[in-house]
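Colleague: Please take a close look at one part of this model and what surrounds it. I would like a connected account with the values included, and the neighbouring parts brought in where they help.

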Amino acid sequence: PKTYVLGPGDVLQLELWGRLTRTALFEVSPEGKIFITGGGPLQVAGHTLAWAQEKTTDLAAETFRGVHADLRLVRLRTFRVYVAGRVNRQGPVDVTPVNRASEAIAMCGLSDGAARRSIELRRRNGVRLRVDLDLFDLAGRQDMDPVLEDGDVITVAPLTAAARRG
């Protein structure tokens, strides 16, 4: 909950209990909001699940006396990222916000002559990140295998002659 960032398409379940008992499902709208009956709209996209849990608990306490609330994530959104370069199958891959670059690459399969250490991940906002599957696999460096975001493009470079020798 402290690290998962909500976005459009995530499905949340709100449980109310106490003087009022109710269960409601909410899908985060394309605008990033959920609408809580009696509480109004709440902008959750871009915030962590923990933040949304705290806000809905506060909102329930303010709106209904003697009512407790619990908000849970019940279904992760899916989105597409694109994998190109030295892979067996180039193109779009459906992933969730908890998938890492290595998982999208594995779905496509590294082809012969692919560089495991020269992979680029380009975000929609233009940020470029380095992906190094060897540093991730051998040293556990999670920063070398970033979590995916909607619209990411992963490009696997060819293995260079120097890398083949060494």
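Modeller: Two residues are in contact when heavy atoms of the pair lie within 4.5 Å of each other. The model is predicted, and every value below is computed from it.

I start from helix α1, which runs over residues 49–63. Its 15 residues, at 1.5 Å a residue, should span 21 Å, and the C-alpha atoms at its two ends are 21 Å apart, so the expected and computed lengths agree. The buried residues of α1 are Leu-49, Ala-52, Thr-56, Leu-59 and Ala-60. Viewed down the helix axis, the buried residues of α1 stay within an arc of 100 degrees, and therefore line one face of the helix. The face turned away from that buried side carries Glu-54, Ala-61 and Glu-62, which are exposed.

What lies over the buried residues of α1? Their cover includes the strands β1 (11–18), β3 (33–36), β4 (40–43) and β5 (67–75).

The packing in this region leaves a gap. One cavity of 30 Å³ or more is counted in the model, and the largest cavity has a volume of about 50 Å³. Its lining consists of Leu-14, Leu-16, Ile-36, Gly-39, Thr-56, Leu-59, Ala-60, Thr-63 and Phe-64. Two elements, β1 and α1, each give two or more residues to that lining. The most comes from α1, with four residues. Thr-56, Leu-59 and Ala-60 thus appear twice: they are among the buried residues of α1, and they also line the largest cavity.

Strand β1 deserves a further look, since β1 both belongs to the cover of α1 and contributes to the cavity lining. Glu-15 lies in β1. Setting aside residues up to four places away in sequence, Glu-15 touches Arg-22, Thr-23, His-68, Ala-69, Asp-70 and Arg-72. With one of these, Arg-72, the contact is also polar, joining the two side chains at 3.3 Å. The side chain of Glu-15 makes another polar contact, of 2.7 Å, with the side chain of Gln-13. For scale, Glu-15 and Leu-148 are 133 residues apart along the chain, and their C-alpha atoms are separated by 30 Å.

Asp-10 is found in the segment before β1. Is Asp-10 buried or exposed? The relative accessible area of Asp-10 is 0%, under the 20% limit, so Asp-10 counts as buried. Two polar contacts are found for its side chain: one of 2.7 Å with the side chain of Tyr-4, and one in which a polar side-chain atom of Asp-10 lies 2.9 Å from the backbone nitrogen of Gly-7. Neighbours within four places in sequence aside, Asp-10 is in contact with Tyr-4, Val-5, Phe-26, Glu-27, Val-28, Leu-73, Arg-75, Leu-76 and Arg-77.

For reference, there is also helix α2, residues 101–108, where Ala-101, Ser-102, Ala-104, Ile-105 and Cys-108 are buried. These cover an arc of only 160 degrees around the axis, which puts them on the same side of α2. Their cover includes β6 (79–85), β7 (91–95), β8 (114–122), β9 (128–131), α3 (133–139) and β10 (153–158). After α2 comes Gly-109, with a positive phi near 80 degrees.

Terms used: Residues numbered from 1 in each chain as written. Predicted model: local features only at pLDDT ≥ 70, side-chain atom pairs only at ≥ 80, totals over all residues. Heavy atoms only, no water. Expected span 1.5 Å × (residues − 1). Buried < 20%, exposed > 50% of the residue type's maximum accessible area, 1.4 Å probe, protein only. Arc of directions from axis to C-beta. Polar contact = N/O pair within 3.5 Å; in protein donor to acceptor, adjacent residues only side chain to side chain. 1 Å grid on protein atoms, 1.4 Å probe; cavity = no way out; pocket = protein on both sides within 12 Å on 5 of 7 lines; lining within 4 Å. Points joined across faces, edges and corners; volume = space filled by probe spheres on them.
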